Amino acid sequence: MSAAPVELEARPGHRLRLEVSTGTMAKPVLERVVTLFAARTGLAVDRLSEIVLALDALRERAPELVAADRLGLDLRIEPGCVDVGVGPLLAEPARRLLAEHELPAAGAVIAGTADEARLRDTTSREARLDLRFEGVAAAVPAPEPAG
Amino acid sequence: MSLPAAFAGAEVAIALDALPESVAVVRQAVTGAGEGAGLPVGQIEDMALAVSEAATNVVVHAYRDGPGGPLEAGLWLDAGSVSIVVRDYGGGIAPRTDSPGLGVGLPLISTLADRVELLTAADGANEVHMRFPGADGASQAT
């Protein structure tokens, strides 16, 4: 028995749109915003670092991936999972990126860190890159009973 | 979640739900932008505190009579200044006798920024415009 895919509505506070110019601001803004926002998932610090690593690899390639010197991200979080939509990107450079298989190329870094990486809404000119990062949400210890 | 047309050309633009935990995210975006622009640490702290106050005003006051809405912030770098705009689509700024805050938000922003304006945008959004000195330490007055 199969069911049609269901698009889950993001709960309040679980989504964010960020656009940053591809100059010197991009690295510190992405690191700070993505780390803090993604930390709400309860993922381990090492996993959060891998998300930042993947997005930093994308940022380094941004001048060839975007048309207007602006890198756009849509973040959506759930417990134990971060979905990142990157775009709009130029379609052909984005395809080349995902075809990179040898480190330290950005495509290989993304493949090595993200659980899913795929292009969608692809036209001859533009595409969006969907990334999914999963992990085990850290268990929050129950408070000690008073008294 | 989408960004408003008013943020076209911004160096950094962010939109997220107006919730208490969103204030820190906006603060980090501004701090990162200041670092990337090479601004002095003291000025980055002033900008971060001012934008935190403006964002907190949105969280506490803007959507108190409704189901909530977005908190938006944009940052622009000019030759001699940094401009930050914080936006919401709530009821606007009005006296509130039951305010949970101390009422020092806007006075504090006015102290930290060289210039502050409260505007209503063409799309109906409430905007707090703040201007700070640029990397050379002096903002360009208009």
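**Exercise 1. Determine how strand β1 (residues 15–21) of chain A is joined to β1(B), and which residues stand opposite each other.**

Solution. Start with the pairing itself: five bridges join strand β1 (residues 15–21) of chain A to β1(B), and the two strands run antiparallel, where strands pair if DSSP finds at least two bridges between them. Helices (H or I, at least four residues) and strands (E, at least two) are DSSP runs, numbered from the N terminus. Next, go to the individual positions: A:Arg17 stands opposite B:Ala15 in β1(B), and A:Leu18 stands opposite B:Ile14. Before going further, note that this is a predicted model, in which local features need pLDDT of at least 70 and side-chain atom pairs count only at pLDDT 80 or more, while totals for chains, interfaces and linings use all residues. Residues are numbered from 1 along each chain as its sequence is written, and chains are lettered from A and ligands numbered from 1 in the order in which they are written.

**Exercise 2. Follow β1(B) into its own chain, and decide whether its residues are buried or exposed.**

Solution. First, look for the partner within chain B: six bridges join β1(B) to strand β2 (residues 70–77) of chain B, and these strands run antiparallel. In β2(B), B:Ala73 is the bridge partner of B:Ile14, the residue that stands opposite A:Leu18. Then apply the burial cut-offs, by which a residue is buried if 20 or more other C-beta atoms lie within 10 Å of its own, exposed if 12 or fewer, and partly exposed in between, with C-beta atoms placed from the backbone. Six of the six residues of β1(B) are buried, so the strand is largely enclosed by the rest of the structure.

**Exercise 3. Describe the side of chain B that touches chain A, and state which element gives the largest share of it.**

Solution. Begin with the totals: the contact takes 24 residues from chain B and 20 residues from chain A, two residues being in contact if their C-beta atoms, placed from the backbone, lie within 7 Å. On the side of chain B, β1 and α1 (20–36) each supply at least two residues, and the largest share, eleven residues, comes from α1(B). Sorted by class, this side has 13 nonpolar, seven polar and four charged residues; here Ala, Val, Leu, Ile, Met, Phe, Trp, Tyr, Cys and Pro count as nonpolar, Asp, Glu, Lys and Arg as charged, and the others, Gly among them, as polar.

**Exercise 4. Check the span of α1(B) against its number of residues, and work out how enclosed the helix is.**

Solution. The expected span of a helix is 1.5 Å times one less than its number of residues. The 17 residues of α1(B) should therefore span 24 Å, and the end C-alpha atoms are 26 Å apart, which agrees. As for burial, 13 of the 17 residues of α1(B) are buried, so this helix, too, is largely enclosed by the rest of the structure. Just after α1(B), B:Gly38 takes a positive phi of about 75°.

**Exercise 5. Find which residues have the most contacts inside the largest nonpolar core, and which helix gives the most to it.**

Solution. A nonpolar core is a set of buried Ala, Val, Leu, Ile, Met, Phe, Trp, Tyr and Cys residues joined through C-beta atoms within 7 Å. The largest has 78 residues, and those with the most contacts inside it are B:Val12, B:Ile14, B:Val26, B:Ala29, B:Val51, B:Ala55 and B:Ile84. Helix α2 (residues 41–62) of chain B gives the most to this core, with ten residues. To examine one member, take B:Ile84, which touches B:Val30, B:Met47, B:Val51, B:Ala73, B:Leu75 and B:Met130, not counting residues up to four places away in sequence.

**Exercise 6. Set out the order of elements in each chain, and state what percentage of each chain is buried.**

Solution. Chain B has three helices and five strands, in the pattern β-α-α-β-β-α-β-β along the sequence, and buried residues make up 48% of its 142 residues. Chain A has four helices and five strands, in the pattern β-α-α-β-β-α-α-β-β, and buried residues make up 34% of its 147 residues.
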